[in-house]
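Student: Could we go through this model together, one question at a time, with the reasoning spelled out at each step?

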Amino acid sequence: TLNGGTHLALAFLLEGGRTTIVESSTNLIDWIQWSTNLTTPFNSFRAFDFPIPTNDTPQFFRARVESD
C-alpha cells in the first residue's frame, strides 16, 4: 500500500504489441475499467495506483489482453 494505507500499488506485465485492459470489481461479476488500450512495442511493466475503499468492501483486480 501507499500513502499511509489509502492506496494500493499494483504492477502488471504488458505483452508487447498487444492491447491490455486493467479492471477492478467488488463482486467478480461487474468489472470497471481503470485503464484501456494500453499498448507497448515491447514487454514492459506498468504500475497502477488504486484508491482503497474506506468501507470493508473487497476489491479485486485483473488485467486482460484483448484478442487479435
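Student: In this predicted model, does E66 count as buried, partly exposed or exposed?
Tutor: We are working with a predicted model, so what follows describes that prediction. A residue is called buried under 20% relative accessible area and exposed over 50%. The relative accessible area of E66 is 32%, which lies in between, and therefore E66 counts as partly exposed.

Student: Which residue does the side chain of E66 meet in a salt bridge?
Tutor: The bridge has a distance of 2.7 Å from N to O, and a salt bridge needs such atoms to be within 4 Å. The partner is itself partly exposed, with a relative accessible area of 29%. The side chain that E66 meets in this way is that of R64.

Student: R64 also forms a salt bridge with E23, so how many residues apart in sequence are the parts that this pair ties together?
Tutor: The closest N and O atoms of E23 and R64 are 3.0 Å apart. Because E23 lies in strand β2 whereas R64 lies in strand β5, the pair ties together parts of the chain whose separation in sequence is 41 residues.

Student: E23 meets R62 in a salt bridge as well, so which strand holds R62?
Tutor: The side chains of E23 and R62 come to 2.6 Å, N to O. This pair links distant parts of the chain, 39 residues apart, with E23 in the strand that covers residues 20–25 and R62 in the strand that covers residues 60–65, namely β5.

Student: Is E23 buried or exposed, and what is its relative accessibility?
Tutor: The cut-off for buried is under 20%, and E23 falls below it, so E23 counts as buried. R62, by contrast, is partly exposed at 32%. The relative accessibility of E23 is 4%.

Student: How many salt bridges does the structure hold, and which residues are linked in a network of them?
Tutor: The structure holds 4 salt bridges. Among them are the pairs E23 with R62, E23 with R64 and E66 with R64. The residues linked in a network are E23, R62, R64 and E66.

Student: Turning to the rings, are F50 and F61 stacked, tilted or edge-to-face?
Tutor: The structure holds 4 aromatic pairs. In the pair of F50 and F61 the ring centres lie 4.3 Å apart and the planes meet at 45 degrees; planes under 30 degrees apart would count as stacked and those over 60 as edge-to-face, so this pair is tilted.

Student: Which of F50 and F61 is buried, and which residues form the aromatic cluster?
Tutor: F61 counts as partly exposed because its relative accessibility is 23%, whereas F50 is buried, with a relative accessible area of 1%. Both belong to one aromatic cluster, whose members are F12, W34, F48, F50 and F61.

Student: Stepping back to the whole protein, what pattern does it follow along the sequence?
Tutor: The protein has 0 helices and 5 strands, and its C-alpha trace spans about 40 × 25 × 10 Å along the principal axes. Among contacts with a separation of 6 or more, 68% join residues 24 or more positions apart. Read along the sequence, the pattern is β-β-β-β-β.

Student: Finally, what percentage of the 68 residues count as buried?
Tutor: The protein exposes about 4,700 Å², of which carbon and sulfur atoms supply 53%. Of the 68 residues, the part that counts as buried is 19%.

How values were computed
Residues are numbered from 1 along each chain as its sequence is written. This is a predicted model: local features need pLDDT of at least 70, side-chain atom pairs count only at pLDDT 80 or more; totals for chains, interfaces and linings use all residues. Side-chain values use heavy atoms; hydrogens and water are left out. Helices (H or I, at least four residues) and strands (E, at least two) are DSSP runs, numbered from the N terminus. Buried means under 20% relative accessible area, exposed over 50%, partly exposed in between (1.4 Å probe, protein chains only). Contact means heavy atoms within 4.5 Å. Accessible areas come from the Shrake-Rupley method with a 1.4 Å probe; for residues, only the protein chains shown count as cover. Rings of Phe, Tyr and Trp (its six-membered ring) pair if their centres lie within 6.5 Å; planes under 30 degrees apart count as stacked, over 60 as edge-to-face and the rest as tilted.
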